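Me: Please take a close look at the pockets of this protein, and tell me first which parts of the model I should treat with caution. A connected account would suit me better than a list.

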Amino acid sequence: MKKILVATTALVAVTGFAVSASASEKIKLSVGGYMEQWAGITDQSDGFDNINAFQSDTEIHFKGSTTLDNGIEVGAVVELEGESSGDQVDEQYLYLNGSFGQIKLGEDDGAADDMGITAPAVGPVGVNDGDLTNWVSTYLPDTVPSDGDDPKITYFTPVMGGFRAGVSYTDSDKSKNAGGTGGNLGQNTTEGLPVVSAGLSYDHDFDGVALGLSAVGEHKGQGNWYGLGANVGLGNFTVGGSWGHIEDDYGINDRQTSGDETDTYDIGVAYAMDAAKVSLSYAYSDYGNRSSSSTVSNTGEMSTVDLGLAYQLGAGVAWKSSIFWFDDDNDNSAADNDGYGAVTGLRLDF
């Protein structure tokens, strides 16, 4: 990431008061991001067509920050999608860092998404909210099914004894700066449900044994989702897993029938040696609406395994590969699918 230092006078509005940074202070500007290019082959049930064998993902990140005379850092982040998208600007927010912790205001993921811990995985596909559905037609397990990056305010406490807490609030899950595209209704919408997102994490090293724990969740509509995660690092090994539950009335308002109730967990182990890392991970979901009034088209059990490899070729350049298998045992025979595949390619962080 290339940084540019510019001497200037900054005027930043903080909680309604104008705070002036002196001309001797410097605003730090940087442009960075990443590009991923993948090639893959898959085999799935006869009723499903193979997806394009070449996939990519690119983002350009623009960042600017300054530190005021009182020691508070004020910064802004804008993440631009590298491909044409209805949500062309992925995230954009302003943040304040200080002894009080961190405050974010703008379009960003909530506290639960930022703080959730899942099983270690180093390949490009993964088993938990990864890129599996880029390659095959199936249900995607996710133990941290956060609401996304609608406009919100977020607060993270300072780290105290290894513990950190966070909470986010948005008044509309349908609001987005992208106007009316992608199911969003623009920033001036009067529709949508409020979302409260919260998390608590613990991260500490006990004489060479690294322990990470998380408890996260969100309240939306009449219900909640919540989950737990843990990772343990010992030498070159990292072992971990997570569990998440979505209540059947999460995201449902008073005028709707019950939604999907889902339980998901993942487990995995990773090993690092010099520039190489390898991981083996497994995820399982029991998903769908089991109420007597629902159809069976969105219910089933999903299992998936991923063997991942990552090799650091140089500064910012990694070669990654995944070999994966999945079995989506859907109660609707038309949606039942299973298969396997292999994906390889390069990721450049700049």
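Reply: In this predicted model, pLDDT stays under 50 over residues 2–21, a stretch for which the model nevertheless has 40 contacts beyond four places in sequence. Residues 290–296 also stay under 50, with nine contacts beyond four places in sequence. Where pLDDT is low, the predicted coordinates should not be read in detail. The protein as a whole averages a pLDDT of 88, and 88% of the residues score at least 70.

Turning to the pockets, the largest encloses about 730 Å³ of space. Its lining is made up of 27 residues, and those nearest the centre are Val125, Asn128, Asp129, Gly130 and Asp131. Two elements, strand 4 (26–44) and helix 1 (111–115), give two or more residues to this lining, and strand 4 gives the most, with three residues. In chemical character, the lining of the largest pocket divides into ten nonpolar, seven polar and ten charged residues.

The second largest pocket holds about 220 Å³ of space and is lined by twelve residues, with Ser30, Lys63, Ser65, Val77 and Tyr95 lying nearest its centre. Strand 4 appears here again, since the elements that give two or more residues to the lining of the second largest pocket are strand 4, strand 5 (54–67), strand 6 (73–81) and strand 7 (89–98). The residues of this second lining comprise four nonpolar, three polar and five charged.

Definitions and conventions:
Residues are numbered from 1 along each chain as its sequence is written. This is a predicted model: local features need pLDDT of at least 70, side-chain atom pairs count only at pLDDT 80 or more; totals for chains, interfaces and linings use all residues. Side-chain values use heavy atoms; hydrogens and water are left out. pLDDT is the predictor's confidence in each residue, from 0 to 100. Contact means heavy atoms within 4.5 Å. On a 1 Å grid over the protein atoms alone, a cavity is a set of points where a 1.4 Å probe fits but cannot get out, and a pocket is an open set with protein on both sides within 12 Å along at least five of seven lines; lining residues have an atom within 4 Å of a point. Grid points are joined across faces, edges and corners, and a volume is the space filled by probe spheres set on the points. Helices (H or I, at least four residues) and strands (E, at least two) are DSSP runs, numbered from the N terminus. Ala, Val, Leu, Ile, Met, Phe, Trp, Tyr, Cys and Pro count as nonpolar, Asp, Glu, Lys and Arg as charged, and the others, Gly among them, as polar.
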